[in-house]
Every structure is written in C-alpha cells, then in structure tokens.
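Student: Hey, I've just opened this one and don't know where to begin. Can you walk me through it?
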Amino acid sequence: MEKSCTLLIHFDKGTPAIANEIKEALEGNDVPAKIDAMRKAIMLLLNGETLPQLFIIIVRYVLPSEDHTIQKLLLLYLEIIEKTDAKGKVLPEMILICQNLRNNLQHPNEYIRGVTLRFLCRLNETEIIEPLIPSVLQNLEHRHPFIRRNAILAVMSIFKLPQGEQLLIDAPDMIEKVLSTEQDPSAKRNAFLMLFTCAQDRAVNYLLTHVDRVSEWGELLQMVVLELIRKVCRTNRGEKGKYIKIIISLLNAPSTAVIYECAGTLVSLSSAPTAIRAAANTYCQLLLSQSDNNVKLIVLDQLNELKSSHRDIMIDLIMDVLRALSSPNLDIRRKTLDIVLDLITPRNINEVVLMLKKEVVKTQSGELEKNGEYRQMLIQAIHSCAIKFPEVASTVVHLLMDFLGDSNVASAIDVVVFVREIIETNPKLRVSIITRLLDTFYQIRAARVCSCALWIIGEYCLSLSEVESGMATIKQCLGELPFYSVSEEGEATDASKKTLQANSITVSSKRPAILADGTYATQSAASETAFSPPTIVQGSLASGNIRSLLLSGDFFLGAVVACTLTKLVLRLEEVQPSKVEVNKATMQGLLIMVSMLQLGQSPVLPHPIDNDSYDRIVLCMRLLCNTGDEIRRIWLQSCRQSFVKMLSEKQLQETEELKAKAQVSHAQPDDLIDFYHLKSRKGMSQLELEDEVQDDLKRATGEFVKDADDANKLNRILQLTGFSDPVYAEAYVTVHHYDIVLDVTIINRTKETLQNLCVELATMGDLKLVERPQNYTLAPESSKQIKANIKVSSTETGVIFGNIVYETSNVLERTVVVLNDIHIDIMDYISPAVCTDAAFRTMWAEFEWENKVAVNTVIQDEKEFLDHIIKSTNMKCLTAPSALDGECGFLAANLYAKSLFGEDALVNLSVEKQADGKLSGYIRIRSKTQGIALSLGDKITLKQKGGS
C-alpha cells in the first residue's frame, strides 16, 4: 500500500548515492558535504530506499548544527520518515526530536522558528505535537510577521487533527484576538482562513462587523472573504442579499484576480440584472486590460456562459466584446465572433457590420501570415449577419466582392457562396451584383470560385445588356480560339514523353474526391490553390483566367462554362428580337464547346478530358442545336427553383434548432413558490429586491431543479461485488467535464470488525486517479461511503478496476475481494454539433485515423437504421432531411459530434438494401486521434444490431 506524500522532488536515477558515503559525509565537519549528503538521503528515502541506522547518525551529527540550510533539510527529512510502528504507535526515538523542535520554536533566529512552525503543519502525530503546543502559542505574539503567520497556520493544522479540539480548546478565541490586532496582510489572511475553516460563524461575524472596511483589506484576505461568501450562500441562500453588496463593493478593488473572482461569485449567487450587468462589465474590462491570451480566452468562456443565461444583458455589451478582435490571436478572434453573432439584434446590427467591415479592410493592409484565415472568419461572420438581417447586405456585398480573387481560396469561396445567396434573397441588389461580378470576374484565380461565379452569371443575367456582357466576359476570359494549333499538336506527338512532362504542369491528377453525401468519386480537376500560367501550349496567348485553368486540365470548369453559355444563349432567344444576333451567339457558343472538346482529346495535355465533363459539354451542344420549350423550362427555371428550395430548407432547419434551444425545463406543478410581494421589505436594498424577484422567477420556471430524475440516477449505479461476498460494494458514477467521481458504498456483511479496509483502484486508458485511497475500520454490518476522484484527459473508453483489501482481528493475512470493472462510456464525453459541408469535407480529408465498421443489423429500413445509429452515438445528422426522403434502396449520410476536449468525430454511413431485405454497407469513422475513432467504432459495433 502506497503512503500519502507531502513532498515531491525530481530524482535522477542515473547516479544513485551509496549509503556509506552519505553516512561518512554526515559524520564529518564539512558543511557543504553535509548539505549534499542530506539532499541525497532525502531523495533516496522519497524513492522507496531504506537507510537503516541513518536516524541515529542524524540525531548525533546533524541535530546540533547551526547552519540554516542543514536545519531546513533536517525538517524535510523528519517530514518523510516513518514516525509510527506497524500498530500506529509513535516510535520511542521520536522523543529525541521533540526536544530539538521545542528548542527551534524558541530559537533566537526568526527563519529557524518560521520553518519549524511550517513543518508542524505537516505533522499528524499527536504525541509529538502535544508537548510543543505552549511554544507554538507563544509565537502567536512574536514581533516578526513571518513567525506570526506560520504560527497561525500551525495552530490551524493542529486544530484540524482528529484530537485537535482537545489539544487546543480555545484556539478560535485566540485567533480571533490575533485577527483584531494583526497588521500584517499575510498573517491577517491566515487568521481569517483559520476561522473560516474551523469556526465559520466567527469568520462571518468578523466580516459583517467590518463590512465597511473590506475594500481596504489586502488582496489575499479579499480572496478568502469571497470563498467564505460562496460557502455561506450555498448553505443558506436566504442571506445572500447582504453578501452581494460586499461583492459589488469589491468589484472596484485594484487587484485583477479579486475582481475576476468577484464577477464569478456574483454570477453564481445572483440573477439580479444589476448584479449580472456588473459582472459582465467586469469581464469586458478584464478582456481589454489583460495582455495574456490565456486570460482573454478564460474571460471569453465566462462571457459565453453569461450569453446563454442572460442574453438581454449581454446584448448591451456587444461592442465592448467586439473590441477583443484587436488581439492578433486567431482563437480569441474566433471565440469573440462566435459570441457576437449570437447577440445580434436589429438595434445593433449596423454597428456590428460596420466594425466587421473595418476589420476586413485592415486584413488587406497587414502583413500578418494569418490574415487570410482571419479574413475568412470575418467573411463568414458578415455572411451570417446578412442572412439574419437582409437589409445590411447592400452595405457589405460590394466590399466583399473585392475578395473574389483572394489568394486564400477558402475565403474567396466563402465570398462567392455569400454573393450567390444574397443575389437570390435580395432581388433589389441583383443588377448591381451582376454588374460588379462581370467587372471583377477576370480577377478570380481559383477553379471552384470560378465555377460558382459562372453559375451566378448563367442564372441571374436577365436583361439583354447583361446577357451580352456575360457572354463577352466569358469569351474574353477564354482568350482566342482554338486553344492550340495543329503544328503544336504535331510537335507534341513527335516529342518524347520526357519533354512533355517537363513542359506540363501536372497539377491535375485523378484523385478521390468526397461528394456532399460523404461518398467517394474520382475527379480529374486542377489544383484550386492558386493560378499559374500554363506552359503546356507554347505560343498560345494565356489571356484569361478560365483559359489558364482549362489548359491546366480542369475540364469540370469547362463543363460549367458550357452550361453557362447554354443558359445565356437560351435567355438571349427570349430577350433579343434579332434572330441573326441569336444565331451568331449560338455559333460562338458551339465553337467554344467544340474547342474545349478538341483540347480535351488532344495529346497536348497530360490527361485527357474525363467522361462526365465530355458528356456534359456534348449535351449542351445538342441543346443549342435543338431547343424545345420543355428543355428551356428545365434550364432556365428548374435550376433556380432547386437553389431556392435548398435555401428555404436551410432556413427552416435553423429556425427549428432555435425553437429547440428556446424550450426551457419547467417545474413540477406542486413545487413551493415564495411570493416576495407578501414579504416584509424593511431594510432591503433595490439589489436585494431584484435578487428575490429573480429567484422566484427561477423557482417558477424550474431553473433551480437541474438534477436528472431519480430513475436516471439509478441507471448509473454499478454493482462492484457479489451479494455473497463478505463486503458488498456498489458505485454511483458521476461524469462532470474532466472529472469522474465514484461514490462507492461499502457494506460489511460479516459479524466481525474489518480493519485497514481500503478500496484500491487502478485505471486503464487516459484516466488518472487523483488521490490515494485511505484505510478505514468498518464495524460489523455497518456501511461506509468512499469518494474517489478520477481525471480524464481524452475522449477514450477507459476502464477502472481494483480490489477491496481488509484485515480481520483473528486472521493475520489480508483478504482481497476483486471488484467488477467499471467501463467509462464515451457517450458521456461527446455531444451533437453542427459544421458546414465544406468544413466536414476538409476535416474528412485531413484526419488520419479511420475506423471502418461493416453494417450488421436486424433493422431492415435504412432511415430507421440511421435514426438508431444517431441515437446510439449521440451525434448530429448533417445531411438535410430532404436529401434522405424517398425510397431508393440506398442511403448515405454524414454525422458529426464534438467531444468535451474539442476533438471532432466524423461519421459517414452508407447502406444499401439487398434483395433479401437486409441492409449492407459500411460506417466509416474519422478523427484526429486514435482513441475516439476506436471507441466510437466499438460503441457502434455493440449497438448497431438493434431490434433487441
């Protein structure tokens, strides 16, 4: 059994000291050698070595030394040695120590007295302490504050011992006297702490007597006062009104630690708007005044919690929170934007958007490497503002369109998606957006941005002038036709493959792409990262961005160009009265498409055109040669209708989520309600009245009753031993963020007293025991409750196992009862979360751990199986319900969840119905860490069967 330890020192095992060398050095007169030997002896003892006869040598040669370092090391040595025998009796040789300690407590040197008093705080043996008490009490009145503050701590630790109240009956009285006369801030704090822990009523009394002077006390004492207030108000909520006034007075303290604690205490004790506003203001003040990023992140977390419970108050402080964007740290900026976006109202939207626009402009001028990423965050924030409040779109859309050619592809994609949504939801802006898009189109460098912009041009160019300038812009960006000359083709065919490879940019490669439903497809597409002029076709004028991308092998973009031209020609037929002009435009469109097909099939490029793009371009050519009303309707109306439907579904989903969040838990109909109007208001301040009202409201709406129902608690009780074992044990497991608390109930079922009973636990996985268990004595047929704390460091299924070990009076050896294993469920750590399709695909491509689970279930309906998996894994389905509608025999869906530790869990479910009605397919899990992928896989394997 390992013993508790009050001292930890790093020990290098490389060069162990030899016991004889230590003894020789201690017996000598050389002080530095003695110090070194004492250090080595302490390290060896701490690491489990036994040094017999060392004690006597130390008593003879080290005790008399006057050197301060040696005396300090001697006290550390005395702290770690065994002072009792196997039966718990104090060893007789310890009497030798007592005399030395008494001399130290009366030593003329203040340092020796102080460190000896500090040492007494860690002594548990009453027999050693008892003779020293008079000397300790004398030191309470010493002239030096260092001695007084340590003497107070020594009195506190003696008083807290099992027999402490008999040893020091009037300790609280003495300390109270000391407190009233003490001037040293540290000693004063220690005295107040002693009263707080050992005689709480006296501490409260002292606080209320000196309530006007609390703001003048030192920082250390103010921190203990706040701790006392929290403790008192938890046990007696009715008295918190007078304490809240103390906290509000402390909000003006000069110490930032004190005001941070004050704000936290206010929020935990009161819901009164005045109190919450004061706390929120304090957090905002700390957010701007502190330079440490960790402090800023902690304060933002606190503001985030306030936002969820007191949104109305936080709305007034939105601009103060936004000022945190001045920090260059991306995590701080991200958290700030997340908080602000939830606080936007019609009243403050214009101010917020103006601030975000200024930040976007700043990202252009700065040379910071993370500017691109920050710009992307700002664009996404502005996007969500414009969707919630469409009237602000007109003020931001033109500014953002400057970033369509951004070198950071992700932010350029965000801009173009934003523009696509705004042009549909704000019809008034359509003309100005189209004009601006056609003007800036040539700046676009990324293929995905280009294809989205082309779709917008094809759908929203409605008037004659817009259609004509749309076609002209595309032609200009394609450059002169054809894309290569026949002589170049000949050269390319004759030249050896090596030169071809040297000349070509092999950006395009057939690589698996992840589609929106999470399934794989092979695509031949150019790199989207940046634009570089192609060297494939020598002699041709690379006059436009589309041309460059086509020449680098991106034929998906070619297919998009063909579709856009087709739509523009079909619309031209409607708005252009002159048939000659329409035919001319049709011929130019066909020429461009034929040129793209020729380029795709020529040996000039390293990869030929892919079949999908080829079929798409051929289809467009056929349409232009033979148009009918049905085809015109499909191309000019149905595409837009699909987009409108997608937007409305997205909107619907968001409003449903908001409704779900807004549902509050309600109290039971027979719960007691206090009517504060019927109470006496004498002597109550406005703040106390506010607090009472808020408490009544909380009681009425059930916010005080946050506990799970009792039936749920019973589900969490695990039986650890059998009913026939001499000791019965069961545990109630509570998982709270990073901690697991095991509440173990142990029942002695025998007629004998069990001695030295101990619950020995061990863990597997990323779990760590916080403290070593103690020994207990259990009377016949009595029970004991033991708490064990376990820290969790990652989302992984962990196992806790162990034994109960005890002795009985008539049997010499120890009895061991093996406990059932406790499996910590991964479901306690993951919660459903939402992310965009693009973010999901990016993470899917980046995460290296994949766990593939084959579907094996008795459920025969695909949707029912998906619901079963969502319920079992506590994840959120990202695939829109409309995409899962209908009966087609197969289903693919993406699920997403986030762990408490910020890890992402991605799941893709692909199932197909076989001819015999059974489901087959795979569930793929991806994550950054191995633990979460394996644990989720095990959970799914266990639960997927269903039906039982």
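Tutor: Sure. Let's begin with the largest cavity: helix 4 gives the most to its lining, with four residues. Keep in mind that this is a predicted model.

Student: OK, which elements give two or more residues to the lining of the largest cavity?

Tutor: They are helix 4, which covers 68–80, and helix 6. The lining itself is made up of Lys-72, Leu-75, Leu-76, Glu-79, Val-115, Arg-118, Phe-119 and Arg-122.

Student: How do the residues of that lining divide by class?

Tutor: Four are nonpolar and four are charged, with no polar residues in the lining of the largest cavity.

Student: And how much space lies in the largest cavity?

Tutor: About 50 Å³.

Student: How many cavities of 30 Å³ or more does a search of the whole structure find?

Tutor: Two. The second largest has a volume of about 40 Å³.

Student: What lines the second largest cavity?

Tutor: Leu-78, Lys-83, Met-94, Ile-97, Phe-119, Leu-123 and Ile-128 line the second largest cavity. By class, that gives six nonpolar residues, one charged and no polar. Look out for Phe-119, which is in the lining of the largest cavity and also in that of the second largest.

Student: Switching topic. How many salt bridges are found in the whole structure?

Tutor: The search turns up 32 salt bridges. One of them brings together the side chains of Glu-110 and Arg-143, at 2.6 Å from N to O.

Student: Why would side chains like that pair up at all?

Tutor: Side chains of opposite charge can pair when their charged atoms come close.

Student: Fair enough. Where do Glu-110 and Arg-143 sit in the chain?

Tutor: Glu-110 is in helix 6 (residues 110–120), while Arg-143 is in the loop between helix 8 (133–138) and helix 9 (145–159). They are 33 residues apart, so this pair links distant parts of the chain. The two side chains are also joined by a polar contact of 2.6 Å.

Student: Is Arg-143 buried or exposed?

Tutor: Exposed, because its relative accessible area is 63% and the exposed class covers values over 50%.

Student: What else does Glu-110 touch, leaving out residues up to four places away in sequence?

Tutor: Besides Arg-143, Glu-110 touches His-142, His-144, Phe-146 and Ile-147.

Student: Got another salt bridge for me?

Tutor: Try Glu-421 and Lys-650, whose side chains meet at 3.3 Å, N to O. This pair also links distant parts of the chain, with Glu-421 in helix 25 (residues 409–425) and Lys-650 in helix 35 (residues 629–662), 229 residues apart.

Student: Which of those two counts as buried, and which as partly exposed?

Tutor: Glu-421 is buried, because its relative accessibility is 7% and buried means under 20%. Lys-650 counts as partly exposed at 34%.

Student: Which residues are joined into one network by salt bridges that share partners?

Tutor: Asp-173, Glu-176 and Arg-202.

Student: One last pair, then. What about Arg-213 and Glu-216?

Tutor: Their side chains form a salt bridge of 3.7 Å, N to O. Arg-213 is partly exposed at 46% relative accessibility, whereas Glu-216 is exposed, with a relative accessible area of 60%.

Conventions: Residues numbered from 1 in each chain as written. Predicted model: local features only at pLDDT ≥ 70, side-chain atom pairs only at ≥ 80, totals over all residues. Heavy atoms only, no water. Salt bridge = Lys/Arg side-chain N within 4 Å of Asp/Glu carboxyl O. Buried < 20%, exposed > 50% of the residue type's maximum accessible area, 1.4 Å probe, protein only. Polar contact = N/O pair within 3.5 Å; in protein donor to acceptor, adjacent residues only side chain to side chain. Contact = heavy atoms within 4.5 Å. 1 Å grid on protein atoms, 1.4 Å probe; cavity = no way out; pocket = protein on both sides within 12 Å on 5 of 7 lines; lining within 4 Å. Points joined across faces, edges and corners; volume = space filled by probe spheres on them. Nonpolar A, V, L, I, M, F, W, Y, C, P; charged D, E, K, R; others polar.
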